[in-house]
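Welcome, and please take a moment to turn the model around before reading on. The paragraphs below will walk you through it step by step.

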Amino acid sequence: MSQPEFDVVVFGATSFVGQILTRYLFDRHGAGSPELRWALAGRSQSKLAQVRDGLGGGAASLPLIVADAADSPALTALCGRTRAVISTVGPYALYGTPLVEACVDSGTDYCDLTGEVQWIDEMIRRFEARAQASGARIVHCCGFDSIPSDLGQWVLQQAAQQQLGAPCTTVKMRVKALRGGFSGGTVASLMNVFKLASEDPALRKKLGDPYLLCPDDRRGEGRQPNIKGPALDPDFQAWVAPFVMAGINTRVVQRSNALSQQAWGARFRYDEAMLTGKGFKGRLSAIGLTAGLGGFLLGAALPPTRWVLERFVVPKPGEGPSPAAQASGFFDLRFHGTTDDGRSMRAKVTGDRDPGYGSTGKMLGEAGACLARDIPDLPGGFWTPATAFGQKLVDRLQDHAGLHFEVAEG
């Protein structure tokens, strides 16, 4: 078979995250490097040209591909030209399905940064058998949700197996520090989930299932911990509050365990929360964060207040943190794992940019390159970042994307 023209095509290159991603790929690989042959794609030739022009004179040779998210023939033609597609076009539940189907049917690899677990569940149920047959490798959640959580937990488990001789059957992730902002695209995806859930009781029940993304024959056993309010965590000796992205990350990590033949145990427990500090001050902070998050979620769930939030409060699609804000952002995640016999292992994952945008753009770029170039033996199907990439992506992220992974016993 002839080799595809490109290794990677960035679909949605004119979106907020798409522009961050294209800047990262250009700074890292230039326009004509044999290390990564890539192109920009989107629905507007003129807007794609503006993005390319903004990269500088050396970008003039970058190819542009015009394709609309709803134009199946154009998407199929796009897939025929590349090994892998990186999609930044969300909300994915509204705009993402035709591209996933085109990739699945053409055997083209695909990754994105969605956090819409109900849509991921739909894609798996509709297309996994076809992806396995065609050889397409589909990897959702390749941004801040859920690469640091999924790979951080995976790194912890590898260390536990090597140093303790057993997996950690209970793992906690705690956000020690985070600085970053929301973009309009992320908010639009969140609001769409709230809108759908408010209209569909069955979807609300699905979203509450911690094993939603696990194969039916490898669902975990037992209840999962779920931090819903202020709590004192003895393993971290500090107060914690709910973490808004836990509902996404925990389901991805549970799918990683399921796809690994439940290597961390059929009763593997995983949860996430935000550290707020010690003592009375830490408790007050946990109460305040819980109240603020609860108020936002309640407002987003009710149509009148959701309209007010969308109209006057949250950023609109295409808006997001400034370049300076992205550069000054960071994150610091801490993991604590415990084996069945009570021994413990700790890990840390840090990143050097705004987590949802500056850092996500780098994570997404390395995930797409890893998918296209580094894992030729991975069979077709729907994978998680940990089960698709493992150490190969950890190395890429540490070498090029400003992430750092550390492990220690106790």
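Let us begin with Phe296, which has a relative accessibility of 27% and therefore counts as partly exposed, since that class runs between the buried limit of 20% and the exposed limit of 50%. Keep in mind that this is a predicted model. You will find Phe296 in helix H11, which covers residues 279–301. Setting aside residues within four places in sequence, its contacts are Met191, Phe194, Leu309 and Val314. To get a feeling for distance, look from Phe296 to Ile375: they are 79 residues apart in sequence, and their C-alpha atoms are 41 Å apart in space.

Now step back to the whole protein. How many helices and strands does the protein have? There are 16 helices and 14 strands. A box of roughly 55 × 50 × 40 Å, taken along the principal axes, holds the C-alpha atoms. The radius of gyration is 21 Å, which agrees with the value near 22 Å for a compact globule of 410 residues. Of those 410 residues, 54% are buried. Among contacts with a separation of 6 or more, 76% are between residues 24 or more positions apart.

The outside deserves a look too. The accessible surface amounts to about 17100 Å², and carbon and sulfur atoms account for 54% of this surface. The protein has 43 positive and 41 negative charges, and the mean positions of the two sets are 5 Å apart.

Next, let us go inside. The largest nonpolar core has 109 residues, and the members that touch the most others are Phe11, Trp38, Phe335, Phe382, Phe389 and Leu397. Which helix gives the most to this core? It is helix H14, residues 355–373, with eight residues. Take Leu397 as an example: beyond residues up to four places away in sequence, Leu397 touches Ile147, Leu151, Met363, Glu366, Gly402, Leu403 and Phe405. There is also a second, separate core of six residues, with Met191, Phe194, Ala300 and Leu309 among them. You have met some of these names before, as Met191, Phe194 and Leu309 are in contact with Phe296.

Two more residues are worth a visit. Asp332 is part of strand S11, residues 330–338. Is Asp332 buried or exposed? Its relative accessibility is 12%, so Asp332 counts as buried. Leaving out residues up to four places away in sequence, Asp332 touches Arg174, Val175, Lys176, Ala177, Lys348, Val349 and Thr350. Phe243 sits in the loop between strand S9 (238–241) and helix H10 (246–259). With 7% relative accessibility, Phe243 counts as buried too. Apart from residues within four places in sequence, the contacts of Phe243 are Phe144, Met173, Val175, Asn249, Glu272, Ala273 and Met274. Val175 appears in the list for Asp332 and in the list for Phe243. Ile227 is 16 residues from Phe243 along the chain, and their C-alpha atoms are separated by 8.0 Å.

Arg52 makes another good stop. It belongs to helix H2, residues 45–54. Because its relative accessibility is 19%, under the limit of 20%, Arg52 counts as buried. Beyond neighbours within four places in sequence, Arg52 is in contact with Leu40, Ala59, Ala60, Leu62 and Leu64. Its C-alpha atom is 9.6 Å from that of Phe26, which is 26 residues away along the chain.

Finally, let us follow the backbone itself. The peptide bond from Gly90 to Pro91 is cis, with omega near -5°, and Pro91 lies in the loop between strand S4 (82–87) and helix H4 (92–95). Another cis peptide bond joins Asp145 and Ser146, where omega is about 20°. Ser146 is in the loop between strand S6 (137–139) and helix H7 (147–163). Cys141 is placed in the loop between S6 and H7 as well. Cys141 is not a glycine, yet its phi is positive, at about 60°. Its relative accessible area is 2%, so Cys141 is buried. Gln262, likewise a residue other than glycine, has a positive phi near 55°, and its place is the loop between H10 and strand S10 (269–277).

How values were computed: Residues are numbered from 1 along each chain as its sequence is written. This is a predicted model: local features need pLDDT of at least 70, side-chain atom pairs count only at pLDDT 80 or more; totals for chains, interfaces and linings use all residues. Side-chain values use heavy atoms; hydrogens and water are left out. Helices (H or I, at least four residues) and strands (E, at least two) are DSSP runs, numbered from the N terminus. The radius of gyration is taken over C-alpha atoms; the globule rule is 2.2 Å times the number of residues to the power 0.38. Buried means under 20% relative accessible area, exposed over 50%, partly exposed in between (1.4 Å probe, protein chains only). Contact means heavy atoms within 4.5 Å. Accessible areas come from the Shrake-Rupley method with a 1.4 Å probe; for residues, only the protein chains shown count as cover. Lys and Arg count as positive and Asp and Glu as negative; His and the chain ends are not counted. The place of a charge is taken as NZ of Lys, CZ of Arg, CG of Asp or CD of Glu. A nonpolar core is a set of buried Ala, Val, Leu, Ile, Met, Phe, Trp, Tyr and Cys residues joined through side-chain atoms within 4.5 Å.
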